[in-house]
Structures are given as structure tokens and as C-alpha cells.
Amino acid sequence: MEGGGIACSEAARWLRAQFREPPRVALVCGSGLGALAEELTEAKAIDYRDIPHFPRSTVQGHAGRLVVGRLGSAPCAVLQGRFHLYEGHAPSQVVIPIRTMALLGVHTLVLTNAAGSLRPELSPGHLLVIRDHIDLAGLAGRSPLVGPNDDRFGPRFPPMVDAYDPALRRLALALAPKELRARSGVYVGVGGPSYETPAECRYLRRVGAHAVGERGRGLGRGSSKLTQIQPQTSSELPQIQPQTSSELPQIWP
């Protein structure tokens, strides 16, 4: 299975036949956040394994389902679980669901994940709205953009200034409940699956990161990412607990 245009087109064609109304907003749920799909009305769920070319989700807390319905007034897709390089997937496979959503007509993408804090001011249950990222795997050449470029998904050399939509970031910060103490910051993506060593945490802090987690990449246009802080195992980091999905801010239209 490859992550090229043919695979994404076939997946999008198959999904288009399953739903009366194509989604315009997509939310990718990270670990433990899949309950957000319960907020959808007129919902229809499909297991990833039934969708052509979709990888299988193997991580606990990732249900491996696509749920499409309406969230408020917006036709919305909720992806319950994502894929990671450490599961054995190639970078081109990891992005198949996101590129498929783009072909279905999704114009706004919200990514959520659970991550470890690198800063003492990020306390239990805080919300980080990502303004920028450091993609260590991508810098080492493990990027889904390597290989032939498909112009439907962006240019050969995409600019990464404002990779996360400024308007969506402002909206998320404005609507986040005060108790989450939402702030913007820089996320660093690593390969996993082991947690970071104390020396690695010191290094990542020095290069400007606020939170760290296993790297996943989507489609840069019209996207926003919310990171939910969870415990790290390093004794140098604060032991902090995640919030439930119902406590995340509602930033869809």
C-alpha cells in the first residue's frame, strides 16, 4: 500500500459513495480523545479497515474509525485515531487519511493529540495551541513529502510560515475555557515509541519546544493543532494529567 495519489483518490471515491453529505471540517482525535465523535448528529461510522488503502490503527486509545455527521451546523468528519511511524507505517501511508479528507472537500482540519510537557508552566490538563513545530523525523528525511509531488496537495517546496492557520489559532485561544489555561507554543515531533531521556528533554527545551510527542503530519492548509498535555516519565518533567474530550474548546464553525 502506498500513499500516492491513486490510493487517496480510490479511498475518497469509496467514501463519497457512503455519505449523503461530504464533510467540510475534519478533526483528528489523538489518544483518549475519540469520544468527541459522540457529539455528532446524523452520524455514520466506518472502521478504517473497511476503507480502501487506510492503514490499521494499533495504538491503545485509538479506535480506528471514521465518523461522519454534523457538528453544530458543519458537516464534519471525526477520525478516531491516527497512525505513527513507530507502528511500522511509511511516511506516505501515515498521511493517506488526511489527503483523502482533502479530496473529499474538507477545507478545515483540526488535529488533537496528547503530548508531554517540556515546560514547568504547562501544568496538569493545560491546552497548547500549536503555532509552530520542529519535525525531527522530517529533518532527517522521513517526510511524506519525499518522492514525486502531487500538486493537488500543495507545491513541491511548501512554505512553512503559518503552517497552522493564524485565524483558527486565535479562535481556539479565545474560546478555550479559562481553567485549561490555553496558550500557544511549539511542538516537537519525535519518532517514538520510547519516551525521551532527560538529556533529550533538556535538548528539546533548549531548541525552543514546549511539548513533545510522536510525530504525525497532515496537510498544511487551513489547519490547526491542539495539544493536550499528559504525563511524561522523566523525573525532570511535571507529572500532569489529561483532560477529557468534552473539555476541549469548540472551534468548528
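Colleague: What makes you say strand β5 is mostly covered?

Modeller: In this predicted model, ten of the ten residues in β5 (residues 108-117) are buried. Buried means under 20% relative accessible area, so "mostly covered" fits β5.

Colleague: How do you know that strand β1 pairs with β5, and in which sense?

Modeller: Pairing takes at least two bridges. β1 (residues 25-29) and β5 have four, in the parallel sense, so they qualify as a pair. For one spot to look at, Val28 stands opposite Leu111 in β5.

Colleague: And what makes β8 a partner of β5?

Modeller: The cut-off is at least two bridges, and β5 and β8 (residues 211-214) have two, so they count as paired. The sense here is antiparallel. Ser117 has Ala211 in β8 as its bridge partner.

Colleague: OK, on to the inside. Which residues have the most contacts in the largest nonpolar core?

Modeller: That core has 27 residues, and the ones with the most contacts inside it are Leu15, Ala26, Tyr48, Ile51, Leu66, Leu79 and Met101. The elements giving two or more residues to it are α1 (5-16), β1, β3 (65-71), β4 (74-80), α3 (96-104) and β5. There's also a second, separate core of 19 residues, with Val25, Leu127, Val129 and Leu180 among them.

Colleague: What does Met101 touch, leaving out residues up to four places away in sequence?

Modeller: Met101 touches Leu15, Ala26, Leu66, Ala77, Leu79 and Val106.

Colleague: Why is Tyr48 called buried?

Modeller: Its relative accessible area is 1%. The limit for buried is under 20%, so Tyr48 is buried. Phe54 comes in at 5% relative accessibility, so the limit of under 20% makes Phe54 buried too.

Colleague: Why is the Tyr48 and Phe54 pair called tilted?

Modeller: Their centres are 5.6 Å apart, and rings pair if their centres lie within 6.5 Å, so this is an aromatic pair. The angle between the planes is 55°. Stacked needs under 30 degrees and edge-to-face needs over 60, so the label is tilted.

Colleague: How do you know that Tyr48 and Phe83 are a tilted pair?

Modeller: At 5.4 Å centre to centre, they fall within 6.5 Å, and 50° is neither under 30 nor over 60, so tilted it is. This pair links distant parts of the chain: Tyr48 sits in the loop between β2 (41-47) and β3, and Phe83 in the loop between β4 and α2 (91-94), 35 residues apart. Phe83 is buried, as is Tyr48.

Colleague: Which residues do the ring pairs link into a cluster?

Modeller: Tyr48, Phe54 and Phe83. The structure holds two aromatic pairs.

Notes: Residues numbered from 1 in each chain as written. Predicted model: local features only at pLDDT ≥ 70, side-chain atom pairs only at ≥ 80, totals over all residues. Heavy atoms only, no water. Buried < 20%, exposed > 50% of the residue type's maximum accessible area, 1.4 Å probe, protein only. Core = buried A, V, L, I, M, F, W, Y, C linked by side-chain atoms within 4.5 Å. Contact = heavy atoms within 4.5 Å. Phe/Tyr/Trp six-rings, centres within 6.5 Å; stacked < 30°, edge-to-face > 60°.
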